[in-house]
Amino acid sequence: MVVERRPGTDIRAGSVFSRGRETGPVQVKVNEVSEERSGASILVESLVRQGVEFVFGYPGGAVLPIYDELFGDERIRHILVRHEAGAAHAAEGYARSTGKPGVVLVTSGPGATNAVTGIADAFLDSIPMVVITGQVATNLIGTDAFQEADTIGITRHCCKHNYLVKDPTELAATIDEAFEIATTGRPGPVVVDIPKNVQVATAELGDGPVQRPKRYAPNMVGAPDDIAEAIEMIANARAPIFYTGGGVINSGARASELLREFQRLTGAPVTSTLMGLGAFPFDHPDWLGMLGMHGTYEANMAMNQCDVMVNIGARFDDRVTGRLDAFSPDSKKIHIDIDRSSINKVIAVDLPILGDCATVLEQMIAVWGSRKPADLTEWKNRIKGWCARDSLAYPKRDDAIMPQLAIEKLFELTRDLDPVISTEVGQHQMWAAQYFGFDKPHRWLTSGGLGTMGYGLPAAIGAQLGNPGRLVIDIAGEASIQMNIQELGTASQFRLPVKVFVLNNEYMGMVRQWQELTYESRYSNSYSDSLPDFVKMAEAYGWKGIRIHDESELEAGIKAMIAHDGPVFVDCRVAKEANCFPMIPSGAAHTEMLLYGDQVAGTLEDEAKALV
Amino acid sequence: MKIQHRETERHVLAVTVDNEAGILAKIAGLFTARGYNIDSLTVADISENHAVSRITIVTHGPPQVIDQIQAQLERLVPVHRVVDLSEEGPHVERELALIKVAGKGENRVEALRLADVFRANVVDSTTSSFIFELTGTPEKIDSFVSLMRELGLVEVGRTGIVGMMRGPNGA
């Protein structure tokens, strides 16, 4: 591009009047002249400066100037998805598996609205993401122009922050702040809406760091008095429990190490939310398993009976608490969270600690010092009693593969490869959470808060890009996988060896399970009819397709999936009517879990039906 | 290429709306979505049965944009009437401000004297401060505030304007 030189400016920059006289010949330093570049060029340069490796996107009219800048720029790799929802979920998978922010680039109107589900998903699961949306030119905004949508208005309540950039001079500072907001404090998606004429118009971009006012300063360090009080409470507890969440994962790998260290010092048993799996090792003797609606009996009973609950980066979600008035009635509750609005939102706590999980855990370990763990024998014996119920037991069948068994087998055959697992949403997601073991953070990618079917395949694609060489498996259901099935093409195009492992029961299993429990098994629209031949479909996209009908084929099928150096789609036919247990029915307390053995069918009162 | 900015004019709109949940957000959202400006916005219930509110919006924009604003507002289901007071002819605009001034000695006396000139009421007083209540046009309040700046201005709160057409007809 043409660089506009500004006479006068560069003479001063070259210091004609001072240095020039002392050192002899005058040298005008050309590289100190800021060049005028287009908004699109400023954007791409800003992304490079943020260390962005991948942009997940789809071109369109309102982002053509940006796509032209990306053309031939080898510093950023653009991953062309097949639908903008795929771009957003792929960015989430990349972010969740690497800890780095995901970047999305979509056009105005339908490009932006298609990305909204992924933005909302990232908002509820606190995933760092920067979404660049094209917008119609500023003079056309408000005129219902072609492909115009009010992206700022539409995303207002489902992103952490959003911007409409009206002048290219604001672009560099906006992008810089967007990344800061997306990645610090409680992470989340930030939307930057850039009108097309702002992408074309020019402004200067200096070489140095962007100068801008600093206006976002999340509180990282816990108040020392609160830390001291928390340590007293934990040290004097006879039945403590650590209830950990996605905040530990978001706080970085160090937080997981510190959690393990603090647990070792205190001896407290640990349970985790769906989002927190991997922060604490699944094979540790004090690991209770996941808690909540499909959590283990021992985790939920221990939450109910504990005397001191330490919530570390979790948010008392309704899937975790069950009936609120029966939630852990006799415990003192400590809540560590970086987001002030999470505290006392659902459950009133005795001691809130506002801060970052890793930082606060480090402070707690320091204050704990050389104390010895309290004698928790009695408490652990009670927990052993609950474990003896073996809440994850399920009936075996000879004529069909139980889905739980398929996950157990998948885990057994892949655990040494340290795989990254993504999921879709439904029964298979819960079975994966229950029967797949995680011992490291950033290995488990699932749509927890929003519960977005269609998340898993694009998330696996993003994770594979961020983790080249690692085994990445999307554990899916045959219904969910069809929600973003078009992304098979993305994996083919970019030669990504992702694996999709479908537990195919020809039902939207979780919907069918609820209909069984609450609507007398009236399976209204919860069956998967007219399914494609998944093997042929996979092959049509250049994938390898494998079908598993029978338990005798299970091990060989999984091994063939792992062995193939390329994307593989496994259609694993499983027992059609298997249900996901244990389960706290909607509106019930932790102590009212249903186990596989005592499953019931019938109907519920209207109040219970009204609960989600 | 540089971004062009167009000449704008100021308008006062009186909007009568159903008093339902979310109506203020809907109207404010319309302004941001379509890139319109809000200089001031006031809203209060005006009916005996709490069914109707009146929103007074001061905006600026090119004439055709102002016309669009009126049309877009009228398109919202809970909006009954939109009257562009600036277009309809002579109208009255009033705003209320609370102005806190602290100081002693001559400044304090001068503040009180000026308040009298501007017909501001003293609504709170200590030995070292006053809160004045002043009603009038935005310009009148601007000039009073700028005078107080020299005499120990601490804080200003303004309501934004409400407006009404002159003469016997309602908006």
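Select chain B to begin, and follow its elements from the N terminus: read along the sequence, they run β-α-β-β-α-β-α-β-α-β-β-α-β-β, which comes to five helices and nine strands. Keep in mind throughout that this is a predicted model. With only the C-alpha trace of chain B displayed, its extent along the principal axes is about 55 × 55 × 30 Å. Of the 171 residues in chain B, 23% are buried, and among contacts between residues at least 6 apart in sequence, 73% join residues at least 24 apart.

**A buried residue in chain B**

Next, select helix α5 of chain B, residues 138–149, and within that helix pick out Ile141(B). Is Ile141(B) buried or exposed? Ile141(B) has 23 other C-beta atoms within 10 Å, and because 20 or more are enough for a residue to count as buried, Ile141(B) is classed as buried. To see what surrounds this side chain, leave aside the neighbours within four places in sequence and show Glu95(B), Ala97(B), Leu134(B), Gly136(B) and Arg158(B), with which Ile141(B) is in contact. Add Arg94(B) to the selection as well: Arg94(B) and Ile141(B) are 47 residues apart in sequence, while their C-alpha atoms are 9.7 Å apart in space.

**Across to chain A**

Now bring chain A into view and look at where the two chains touch, a contact that takes 13 residues from chain A and nine residues from chain B. On the side of chain A, the elements to select are α7 (151–155) and α9 (196–200), each of which gives two or more residues. The largest share, three residues, comes from α9(A). Coloured by class, the side of chain A that touches chain B shows five nonpolar, five polar and three charged residues.

**Chain A as a whole**

Zoom out until chain A fills the window; its secondary structure comes to 24 helices and 20 strands, and its C-alpha trace spans about 90 × 60 × 45 Å along the principal axes. The radius of gyration of chain A is 26 Å, which agrees with the value near 25 Å that a compact globule of 612 residues would have. Buried residues make up 52% of chain A, and of its contacts with a separation of 6 or more, 77% are between residues 24 or more positions apart.

**Two helix pairs in chain A**

For the first pair, select α3 (residues 39–49) and α8 (residues 171–183) of chain A, whose axes are 9 Å apart and pack at an angle of about 30°. That angle makes α3(A) roughly parallel to α8(A), and the crossing of the two helices is right-handed. Show side chains for Gly39(A), Ile42(A), Leu43(A) and Ser46(A) on α3(A), and for Leu171(A), Ala172(A), Ile175(A) and Asp176(A) on α8(A), since these residues make the contact. By class they divide into five nonpolar, two polar and one charged.

For the second pair, move to α13 (residues 297–305) and α16 (residues 377–387) of chain A, whose axes come within 8 Å and cross at roughly 140°. How does α13(A) lie relative to α16(A)? The crossing angle makes α13(A) oblique to α16(A), and α13(A) passes α16(A) in a right-handed crossing. Here Tyr297(A), Glu298(A), Met301(A) and Ala302(A) of α13(A) meet Ile383(A), Trp386(A) and Cys387(A) of α16(A), a contact with six nonpolar, no polar and one charged residues.

Definitions and conventions: Residues numbered from 1 in each chain as written. Chains lettered and ligands numbered in written order. Predicted model: local features only at pLDDT ≥ 70, side-chain atom pairs only at ≥ 80, totals over all residues. Helix = DSSP H or I, 4+ residues; strand = E, 2+ residues; numbered from the N terminus. Rg over C-alpha atoms; globule rule 2.2 N^0.38 Å. Buried ≥ 20, exposed ≤ 12 C-beta atoms within 10 Å, placed from the backbone. Contact = placed C-beta atoms within 7 Å. Nonpolar A, V, L, I, M, F, W, Y, C, P; charged D, E, K, R; others polar. Axes fitted to C-alpha atoms, helices over the stretch in contact; angles between N-to-C directions. Parallel < 35°, antiparallel > 145°, perpendicular 65-115°, else oblique. Left-handed = near helix turned anticlockwise from the far one by under 90°.
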